[in-house]
Amino acid sequence: RVLAIPEAKSALANCRAALAHARAMGFPVAYVRWINRSSLFNAATPFSRWIEGFEPHGVDMIFERNRPSCYASADFAEVMDGGGGNFVLAGFAGEAACLATAIDAFHRGHEVTYLADASASHALEDTGADDVHRVVSSIVGLYGSVSATRAWIADTSRRSNRRELGDGNEHGRTT
């Protein structure tokens with residue numbers, strides 16, 4: 001399925017960078033996949049496998065859902081509620097899973113940062129994939145933050161450095 005998305009290669013490179021950074025920083029990582037009885041999302045088909053090179057590691061969380069939003073997984077929703085609901089979103093497809101998840105997060109009072117360049121969208125009818133993705137990214141911005149992968153990496157690296165190189169008065173204070 002990933003090959004059906006024109007910008008998959010570029011988005012995957014950014015996903016790889018975001019994932020490597022998250023793991024290096026010790027951020028929890030969650031994988032969410034859509035599983036149901038359709039031909040594209042059936043667990044018995046090769047389409048349900050993880051993208052090569054993006055398989056979960058032993059400490060990663062894995063959730064399965066049967067609708068576009070990650071919140072269709074009750075376990076995902078519970079983890080997000082318990083963890084404060086602040087998370088970074090990347091992956092496929094922008095016009096379905098990412099958009100639905102961002103809207104659900106907003107309605108639950110959660111804060112999502114969407115890495116628009118670590119995601120891609122399918123074409124819809126007469127609208128090309130790039131145009132769809134540009135519009136989806138703008139709409140997600142109504143419900144959360146939209147960032148480029150490199151900017152998110154730089155921002156979260158600086159936050160970590162400020163905590164590590166604090167002025168000694170940082171007890172009880174977050175940056």
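**Close-up views of a predicted model**

Buried residues, meaning those under 20% relative accessible area (exposed is over 50%, partly exposed in between; 1.4 Å probe, protein chains only), make up 37% of the 175 residues in the protein. This is a predicted model in which local features need pLDDT of at least 70 and side-chain atom pairs count only at pLDDT 80 or more, while totals for chains, interfaces and linings use all residues. Residues are numbered from 1 along each chain as its sequence is written, and side-chain values use heavy atoms, with hydrogens and water left out.

**View 1. The overall fold has 5 helices and 5 strands.** Helices (H or I, at least four residues) and strands (E, at least two) are DSSP runs, numbered from the N terminus. Along the sequence their pattern is α-β-β-α-β-α-β-α-β-α. Contact means heavy atoms within 4.5 Å. Of the contacts with a separation of 6 or more, 68% are between residues 24 or more positions apart. The protein exposes about 10300 Å², and 53% of this comes from carbon and sulfur atoms. Accessible areas come from the Shrake-Rupley method with a 1.4 Å probe; for residues, only the protein chains shown count as cover.

**View 2. Strands S3 and S4 pair in the parallel sense.** Strand S3 covers residues 86–92, strand S4 residues 111–120, and 6 bridges join them. Two strands pair if DSSP finds at least two bridges between them. Glycine 91 has serine 119 in S4 as its bridge partner. From S3 the chain passes through helix H3 (residues 94–107) to S4, a right-handed β-α-β crossover. Right-handed here means that, with the strands pointing away from the viewer, the path from the first strand over the helix to the second runs clockwise. The covered face of S3 holds Phe87, Leu89 and Gly91, whereas Asn86, Val88, Ala90 and Phe92 lie on the uncovered face.

**View 3. Helix H3 packs its buried residues against strands and a helix.** H3 has 14 residues and spans 18 Å from its first C-alpha to its last, close to the 20 Å expected; the expected span is 1.5 Å times one less than the number of residues. Its buried residues are Gly94, Glu95, Ala97, Cys98, Leu99, Thr101, Ala102 and Ala105. They pack against strand S2 (61–65), S3, S4 and helix H4 (129–143). Just after H3, glycine 109 takes a positive phi of about 75 degrees.

**View 4. Arginine 23 and aspartate 60 form a salt bridge.** A salt bridge is a side-chain nitrogen of Lys or Arg within 4 Å of a carboxyl oxygen of Asp or Glu; a search of the whole structure finds 3. In this pair the closest N and O atoms are 2.2 Å apart. Arginine 23 lies in helix H1 (residues 8–25) and aspartate 60 in the loop between strand S1 (30–34) and S2, 37 residues apart. Arginine 23 is partly exposed, at 26% relative accessible area, whereas aspartate 60 is buried, at 10%.

**View 5. A salt bridge joins arginine 33 to glutamate 64.** The N to O distance is 3.1 Å. Arginine 33 belongs to strand S1 and glutamate 64 to strand S2, 31 residues apart. Arginine 33 is partly exposed at 21% relative accessible area, and glutamate 64 is partly exposed at 44%.

**View 6. Aspartate 131 and arginine 134 form a salt bridge within helix H4.** Their closest N and O atoms are 2.2 Å apart. The two residues are 3 residues apart, about one turn of the helix. An α-helix has 3.6 residues a turn, so residues three or four places apart point the same way. Aspartate 131 is partly exposed, with 38% relative accessibility.
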